Amino acid sequence: MLKINLEKLKFLRSIKIRIFLIVFIIGFIPSTIARYAILKNYEQRAVDLRTSDVQTQLKILANHLIAYRYLQDTSSEVIDAELNMLSNLYDGRVLIINNNLKVVKDTYGISEGKTIISEEVIRCLKGVNTSNYDSTNNFIEMTIPIMESLEVDTSEMQPMEPNLASGVMLTSVSTDYIATTMEILNRKAIVVEVLVILIVFIISMLASYVIIRPFEKITEALNQVKEGYTNDPISVSDCLETEHIGDAFNQVLSRMKVLDDSRQEFVSNVSHELKTPITSMKVLADSLRGQEDVPIELYREFMEDIADEIDREDKIINDLLALIKMDRTSSDLNIAQVDINVLVELIMKRLRPIALKKNIELVYESVRPVSAEIDEVKITLVISNLVENAIKYNKEFGWVKVTLDADHQFFTVEVADSGIGIPEESIEHIYERFYRVDKSHSREIDGTGLGLAITRSAILMHRGSIKVVSEEGEGTTFTVKIPLTYIAVS
Ligand code: ADP
């Protein structure tokens with residue numbers, strides 16, 4: 001049920017409808033309130049005027065009643081005429097009541113001789129004027145005391161000396177004309193109100209159109225890009241907000257373009273790198289096929305070369321797979337508390353035979369015991385890559401020194417070597433995929449150019465950093481800094 005209602009109210013999510021409704025309500029409510037307030041004000045004023053008019057007349061009449069001793073003797077024709085004139089003039093009824101609460105005169109002739117016990121009359125006998133407006137039945141009922149002194153305080157609700165009045169005039173006058181005037185006024189006001197609503201309606205339609213138009217333009221422009229009609233930056237400078245949206249989108253667009261370019265470059269690099277061993281194998285195979293009576297030694301030699309190329313191809317594919325894994329989000333990290341000293345020692349143990357083969361001394365120094373929250377496989381890959389490189393790009397009888405240290409926040413692994421060093425202009429490129437300092441020279445040294453790219457990605461996933469200092473012909477030092485506690489990206 002609620003779901004259905006929400007579905008129905010879905011149109012309220014449109015800014016256009018919201019603006020329209022807001023402007024409409026802002027215009028509609030005040031005009032309705034104004035109509036109501038004006039009518040009420042008019043009614044109040046008309047009733048006040050009529051009350052004070054009638055009261056003045058009644059007061060004059062009260063004087064005459066005293067003068068003609070009408071309360072004692074109701075036979076005065078002058079007073080009767082005056083009473084009739086008054087009741088005709090105000091379309092009302094006048095009752096004259098003496099201080100025994102007996103009606104001595106009723107212009108309608110109905111209640112004469114009867115006793116009236118009403119709160120207003122009793123209060124009025126004590127000298128208080130009363131006046132009540134009955135808006136439902138359209139009349140004002142008021143009481144005026146008939147005083148011997150004739151000095152009646154006209155202010156309402158003000159008590160006089162008790163038992164001062166010798167009688168009361170109870171009058172009800174019709175307010176039909178007020179109701180009729182209000183009816184006419186109301187009709188006119190409704191016409192004005194409908195006009196105002198119409199104008200507000202048109203203004204709200206225009207306002208919502210004018211405000212929304214730039215956003216519609218932005219959507220159109222975005223759709224053009226989405227459909228692939230254009231790759232140009234979008235620009236809707238109709239208002240600041242759309243300009244900001246446009247700027248943000250253009251930034252996203254150029255970022256996507258950079259990503260797309262680098263993806264294309266990556267694909268072409270991958271194809272090239274994967275093709276190289278295949279081309280070599282083809283050349284080797286073709287040269288064997290092209291010769292007759294090839295000696296078995298040559299076959300063996302060429303087959304060994306082909307096997308080497310297959311190994312190379314295998315290494316490239318493995319590195320590529322590792323790199324792709326690194327490109328995933330940090331949620332793929334398998335974080336655990338790991339003893340870093342043990343981890344580095346294991347790596348050193350595994351790489352020592354390779355170092356020995358090249359007569360390179362492998363030294364490990366641990367300044368303090370370190371335990372950290374890391375992905376063991378990935379950090380092993382990081383340190384292995386760096387130490388392997390330090391061995392690979394070293395000189396005969398050189399050395400590689402690995403130092404582990406930590407402070408209260410990070411642990412650092414420093415891999416220093418006495419190797420060939422990296423030329424200054426190459427340092428900024430070494431982390432790029434497939435980058436190798438000197439391709440022809442590097443060719444002698446086994447490698448894919450992916451190792452440092454993988455290393456850097458793994459470090460960044462741990463929110464760490466990598467730095468390198470190198471001197472050509474002297475050696476290179478890589479320093480890796482990783483937080484002891486893993487901070488997940490929210
Ligand atoms: P590769 O598979 O070629 O070793 P890497 O990404 O690991 O690829 O390294 C990129 C390049 O950086 C290497 O080809 C090499 O020229 C250079 N390099 C990396 N480590 C060292 C080092 N310790 N000493 C000298 N050069 C290095």
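Which helix or strand supplies the largest share of the shell around the ligand? In this predicted model, the answer is α9, with three residues. That makes a good starting point for a walk through the binding site, followed by a few residues elsewhere in the chain.

**The ligand and its surroundings**

The ligand sits in the largest pocket, where 19 residues surround it. The closest of these are Asn389, Tyr393, Arg436, Thr448 and Leu452. If you would like to highlight the elements involved, select α9 (376–392), α12 (451–461) and β12 (475–483), each of which supplies at least two residues of the shell. Sorted by class, the shell has nine nonpolar, seven polar and three charged residues.

Some side chains come within polar reach of the ligand's oxygen atoms. The table lists the distance from a polar side-chain atom to an oxygen atom of the ligand.

| Residue | Distance to a ligand oxygen atom |
|---|---|
| Arginine 436 | 2.6 Å |
| Asparagine 389 | 2.8 Å |
| Lysine 392 | 3.1 Å |

Taken on its own, the ligand has 530 Å² of accessible area, and the protein covers 97% of that.

**Serine 418 and its partners**

Next comes a residue with two polar partners to look at. Serine 418 lies in the loop between β10 (410–417) and α10 (424–427). Is serine 418 buried or exposed? Its relative accessible area is 11%, and buried means under 20%, so serine 418 counts as buried. Its side chain makes a polar contact with the side chain of asparagine 394 at 3.1 Å. The serine 418 side chain also reaches the backbone nitrogen of tryptophan 399, at 2.8 Å.

**Positive phi outside glycine**

If you check backbone torsions, two residues deserve a look. Leucine 101 has a phi near 65°, a positive value in a residue other than glycine. You will find leucine 101 in the loop between β1 (92–98) and β2 (103–106). With a relative accessible area of 16%, under the 20% limit, leucine 101 is therefore buried.

Asparagine 138 is not a glycine either, yet its phi is positive, at about 60°. Its place is the loop between β3 (130–134) and β4 (139–147). Asparagine 138 counts as buried because its relative accessibility is 18%, and the cut-off is under 20%.

**Two pairs for a distance check**

Finally, here are two pairs of residues whose C-alpha atoms you can pick in the viewer. Lysine 114 lies in the loop between β2 and α4 (119–125). At 45% relative accessibility it falls between the 20% and 50% limits, so lysine 114 is partly exposed. How far apart are the C-alpha atoms of lysine 114 and leucine 12? They are separated by 67 Å, with the two residues 102 apart along the chain.

The other pair involves isoleucine 211, which lies in helix α5 (residues 176–227). Isoleucine 211 has a relative accessible area of 41%, and it is partly exposed because that value lies between 20% and 50%. Isoleucine 211 and isoleucine 22 are 189 residues apart in sequence, while their C-alpha atoms are 13 Å apart in space.

Conventions: Residues are numbered from 1 along each chain as its sequence is written. This is a predicted model: local features need pLDDT of at least 70, side-chain atom pairs count only at pLDDT 80 or more; totals for chains, interfaces and linings use all residues. Side-chain values use heavy atoms; hydrogens and water are left out. Helices (H or I, at least four residues) and strands (E, at least two) are DSSP runs, numbered from the N terminus. Buried means under 20% relative accessible area, exposed over 50%, partly exposed in between (1.4 Å probe, protein chains only). A residue is near a molecule or strand if one of its heavy atoms lies within 4 Å of it. A polar contact is a pair of N or O atoms within 3.5 Å; within protein, one must be able to donate a hydrogen and the other to accept it, and residues adjacent in sequence count only if both atoms are side-chain atoms. Accessible areas come from the Shrake-Rupley method with a 1.4 Å probe; for residues, only the protein chains shown count as cover. On a 1 Å grid over the protein atoms alone, a cavity is a set of points where a 1.4 Å probe fits but cannot get out, and a pocket is an open set with protein on both sides within 12 Å along at least five of seven lines; lining residues have an atom within 4 Å of a point. A molecule sits in a cavity or pocket if more than half of its atoms lie within 2 Å of its grid points. Ala, Val, Leu, Ile, Met, Phe, Trp, Tyr, Cys and Pro count as nonpolar, Asp, Glu, Lys and Arg as charged, and the others, Gly among them, as polar.
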